[in-house]
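Below is a colleague's note on one chain, set out as numbered points. Please read it with the structure open.

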Amino acid sequence: MINHLGLILIAACANVALNLLLKQGARGLDTSGLVPLIGSLILSIWFWLACLSAVVLLTAFVTAIRSYSLSLTYTAVTALAMVALTLLGVAMQTEQVSLLRGVGLTLIVSGLVVTALA
């Protein structure tokens with residue numbers, strides 16, 4: 001059986017994948033009307049991969065909260081995903097991290113550590 005930290009890491013990675021896949025899939029959507037939009041969603045491989053990521057995320061998250069604190073699990077999954085998405089945005093999409101944003105990320109990680117130790 002996977003321990004709590006393993007479930008949190010799986011859920012965070014699935015959360016990151018879900019967001020990246022949705023962003024990629026959104027580029028190919030036909031937004032000219034409701035029917036074309038639904039059709040482009042159904043035919044999008046990115047949408048189906050995002051659905052798979054959502055299933056992994058929910059499975060890992062629900063399994064983790066069955067035995068562990070909801071507040072700690074949710075905080076950890078969300079914080080890790082936020083930091084990972086920011087780092088991936090910098091690495092893959094040449095996003096810039098300002099000093100203020102860097103301080104914010106540091107506070108998020110610090111808050112996670114304090115919450116986990118409490």
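1. Is R101 buried, partly exposed or exposed? R101 counts as partly exposed, because its relative accessibility is 35% and the partly exposed class runs between 20% and 50%. The model is a predicted one, and this value, like the others in this note, is computed from it.

2. R101 has a partner. Its side chain meets that of E95 in a salt bridge, with 3.8 Å from N to O. This distance qualifies because the cut-off for such a contact is 4 Å. E95 is also partly exposed, at 31% relative accessibility. The structure holds one salt bridge, and R101 and E95 form it.

3. On confidence, the mean pLDDT of the chain is 90, and 99% of the residues reach 70 or more. Among the elements, helix α3 has the highest mean pLDDT, 95. The lowest mean, 87, belongs to helix α5, which covers residues 99-117.

4. What is the count of disulfides? The count is zero. The sulfur of C13 lies 19 Å from the closest cysteine sulfur, that of C51, and this is too far for a bond. A disulfide would need the two sulfur atoms within 2.5 Å. Seen from the other side, C51 is in no disulfide either, since its nearest cysteine sulfur is that of C13, 19 Å away. The two cysteines also fall into separate exposure classes: C13 is exposed at 54% relative accessibility, while C51 is partly exposed at 28%.

5. A nonpolar patch of about 1200 Å² lies on the surface. Its members include I2, I10, L34, I38, W46, W48 and V56. Two elements give two or more residues to this patch: α2 (34-43) and α3 (45-67). The largest share comes from α3, with six residues. W48, one of the patch residues, lies in helix α3 and is partly exposed, with a relative accessible area of 47%.

6. How many aromatic pairs are there? The count is two. A pair of aromatic rings is described by the distance of the centres and the angle of the planes. For F47 and W48, the ring centres are 5.3 Å apart and the planes stand at 75 degrees, so this pair is edge-to-face. F47 is partly exposed, with a relative accessible area of 26%. W48 thus appears both in this pair and in the nonpolar patch.

7. The other pair is F61 with Y74, where the ring centres are 6.4 Å apart and the planes are again at 75 degrees, so it too is edge-to-face. F61 lies in helix α3 and Y74 in helix α4, so the pair ties together parts that are 13 residues apart in sequence. F61 is buried, because its relative accessible area is 17% and buried means under 20%.

8. One more residue of helix α4 (residues 70-93) can be located: T78. T78 is partly exposed, with a relative accessible area of 25%. T78 and G25 are 53 residues apart in sequence, and their C-alpha atoms are 22 Å apart in space.

Technical notes. Residues numbered from 1 in each chain as written. Predicted model: local features only at pLDDT ≥ 70, side-chain atom pairs only at ≥ 80, totals over all residues. Heavy atoms only, no water. Buried < 20%, exposed > 50% of the residue type's maximum accessible area, 1.4 Å probe, protein only. Patch = residues over 30% accessible without salt bridge, like charges linked within 9 Å, V, L, I, M, F, W, Y side chains within 5 Å. Areas by Shrake-Rupley, 256 points an atom, 1.4 Å probe, with all protein chains shown as cover. Helix = DSSP H or I, 4+ residues; strand = E, 2+ residues; numbered from the N terminus. Phe/Tyr/Trp six-rings, centres within 6.5 Å; stacked < 30°, edge-to-face > 60°. pLDDT = per-residue confidence, 0-100.
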